[in-house]
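Consider the sequence and the coordinates shown here. The text below goes through the strands and then the helices.

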Amino acid sequence: MRRVVMVTGMQAAGKSTIGPLLAARLGPLSAAFDGDVFYRMVAAGNVDMTPDPDPEAVRQVRLRYDAAALVAQHYAEAGFDFVYTDIVLGENVTRWMASIRNAERHLVVLDPSVEAIVEREVHRGKTSYRDWHKPGMTLAEAVSSMRLALRDTPRRGLWLDSSFQTPEGTVEAILSDLSASLY
């Protein structure tokens, strides 16, 4: 039975880096997919998720998750282990996992500290937390605000504080106890 692994967490948690590294170690046939691909496919009319999301943003993010589940299922049925990376939180994790059939399902939540995320975000030179960064807030406060969504995520699978791990170290931690990530 093939494995489908969802790697989720906050912006700048390391998901996009970890996904391909983890997939390469799962093999012999494995694939990795980053949900940002579907995010970027919306060429006009994209509505971003915010602390108080527009219904259209919710619809678009669910469309993205549903499409990723179809791709994961397709690859699993073709005999591949599959690693999906995206920000999937709360009830959406349960919904996504329930859509995967006839595959061993794994959940890995990368959960570095707020300080580690802020440092990574600054070094990346991105503004991933712009919608959470209200006037007068620090970046750490914006990260903490978005991080509240993790509270609604099922405490299942493997939750890793990857604050002080290299990407390779994080992959080793996942693989050293892959059964802990079973969903």
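A residue counts as buried when its relative accessible area is under 20%, with a 1.4 Å probe and protein chains only. The model is a predicted one. By that cut-off, strand E1, residues 3-9, is mostly covered, since six of its seven residues are buried.

E1 has strand E4, residues 104-110, as a parallel partner, and seven bridges join the two. Within this pairing, Arg-3 has Glu-104 of E4 as its bridge partner, and Val-5 is matched with His-106. E1 is also joined to strand E3, residues 81-85, by four bridges, and these two strands run parallel as well. Here Val-7 has Thr-85 in E3 as its bridge partner.

From E1 the path leads on to E4. Five of the seven residues of E4 are buried, so this strand is largely enclosed by the rest of the structure. Besides its bridges to E1, E4 has three bridges to strand E5, residues 158-160, and E4 and E5 run parallel. In this pairing Leu-110 stands opposite Leu-160 of E5. For reading the side chains in such strands, one general rule helps: in a regular strand, side chains alternate between the two faces of the sheet.

The helices come next. Helix H3 covers residues 55-77 and helix H4 covers residues 91-98; they pack at an angle of about 30 degrees, and their axes are 10 Å apart. Angles under 35 degrees count as roughly parallel, and H3 and H4 are therefore roughly parallel to each other. The crossing in which H3 passes H4 is right-handed. On the H3 side, the residues that meet H4 are Arg-62, Tyr-65, Asp-66, Ala-68, Ala-69 and Ala-72. On the H4 side, their counterparts are Glu-91, Asn-92, Arg-95 and Trp-96.

Which residues of helix H6, residues 139-147, are buried? They are Leu-139, Ala-142, Val-143 and Met-146. Seen down the axis of H6, these buried residues fall within an arc of 100 degrees, so they line one face of the helix. What do the buried residues of H6 pack against? Their partner is helix H5, residues 114-124.

Taken together, the strand pairings described here place E1 beside both E4 and E3, while E4 is also paired with E5. Among the helices, H3 packs with H4, and the buried residues of H6 pack against H5.

Methods. Residues numbered from 1 in each chain as written. Predicted model: local features only at pLDDT ≥ 70, side-chain atom pairs only at ≥ 80, totals over all residues. Heavy atoms only, no water. Buried < 20%, exposed > 50% of the residue type's maximum accessible area, 1.4 Å probe, protein only. Pairing = 2+ DSSP bridges. Arc of directions from axis to C-beta. Contact = heavy atoms within 4.5 Å. Axes fitted to C-alpha atoms, helices over the stretch in contact; angles between N-to-C directions. Parallel < 35°, antiparallel > 145°, perpendicular 65-115°, else oblique. Left-handed = near helix turned anticlockwise from the far one by under 90°.
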